[in-house]
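Got your viewer open? Load the model, switch to cartoon, and follow along from stop to stop.

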Amino acid sequence: MSEFEQKYIEIGDQLVTSDAVVKGSMFGAKCLKIGKKAFAMYHRGSMVFKLPTDNGAAALEGAGMFEPAPGKKMNGWIQVPPQHADKWEALSSDALNYVRSLNE
């Protein structure tokens with residue numbers, strides 16, 4: 001297991017105990033959900049977050065719209081590479097709060 005996958009697991013474990021988050025899968029990748037809605041996932045070494053367009057995560061070097069398959073971009077999902085792993089915890093919280101707000 002890579003240090004980045006371990007970081008994802010630690011973030012997920014914390015959110016499971018503090019925010020009623022559940023672990024699941026999406027596109028064959030590990031993900032975090034609130035209710036039945038995914039808000040973050042670990043995909044091929046990067047983290048992917050469901051965020052509003054004005055969040056700023058896409059401006060991080062190497063980050064961009066999530067594309068699970070060539071030509072299949074997913075609006076509202078930002079892929080953040082491991083070079084920004086220090087921001088993953090905050091982005092996970094932002095994504096959780098954002099998805100939670102969509103369900104209100």
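An angle here runs from 0 to 180 degrees between the N-to-C directions of two elements, whose axes are lines fitted to C-alpha atoms. Keep in mind that you're looking at a predicted model.

With that in hand, select helix H2, residues 88-102. H2 lies across E2, E3, E4 and E6, and its direction makes about 25° with that of E4.

Now hide the helices and look at what's underneath. There's an open sheet of six strands, in the order E1-E2-E3-E4-E6-E5, with antiparallel pairing. Strand E1 (22-26) and E5 are the edges, each pairing on one side only. From one strand to the next, the twist averages 35°.

Bring helix H1 (residues 3-19) back: H1 packs on the sheet and touches E1, strand E2 (29-34), E3 and E4. Relative to E2, H1 runs at about 20°.

Next, walk through the strands. Pick strand E3 (residues 37-43), which pairs antiparallel with E4 over four bridges; zoom in on Tyr42 and you'll find its bridge partner in E4, Met47. Step on to strand E4 (residues 46-50), which also has four bridges to E6, again antiparallel. One pair to label there is Phe49 with Ile78 of E6.

On the other side, strand E5 (residues 64-66) joins E6 through three bridges, running antiparallel. Show Phe66 and its bridge partner in E6, Met74.

Last stop: color E6 (residues 74-80) by accessibility. How many of its seven residues are buried? Five are, so E6 is largely enclosed by the rest of the structure.

How values were computed. Residues numbered from 1 in each chain as written. Predicted model: local features only at pLDDT ≥ 70, side-chain atom pairs only at ≥ 80, totals over all residues. Heavy atoms only, no water. Buried < 20%, exposed > 50% of the residue type's maximum accessible area, 1.4 Å probe, protein only. Helix = DSSP H or I, 4+ residues; strand = E, 2+ residues; numbered from the N terminus. Pairing = 2+ DSSP bridges. Contact = heavy atoms within 4.5 Å.
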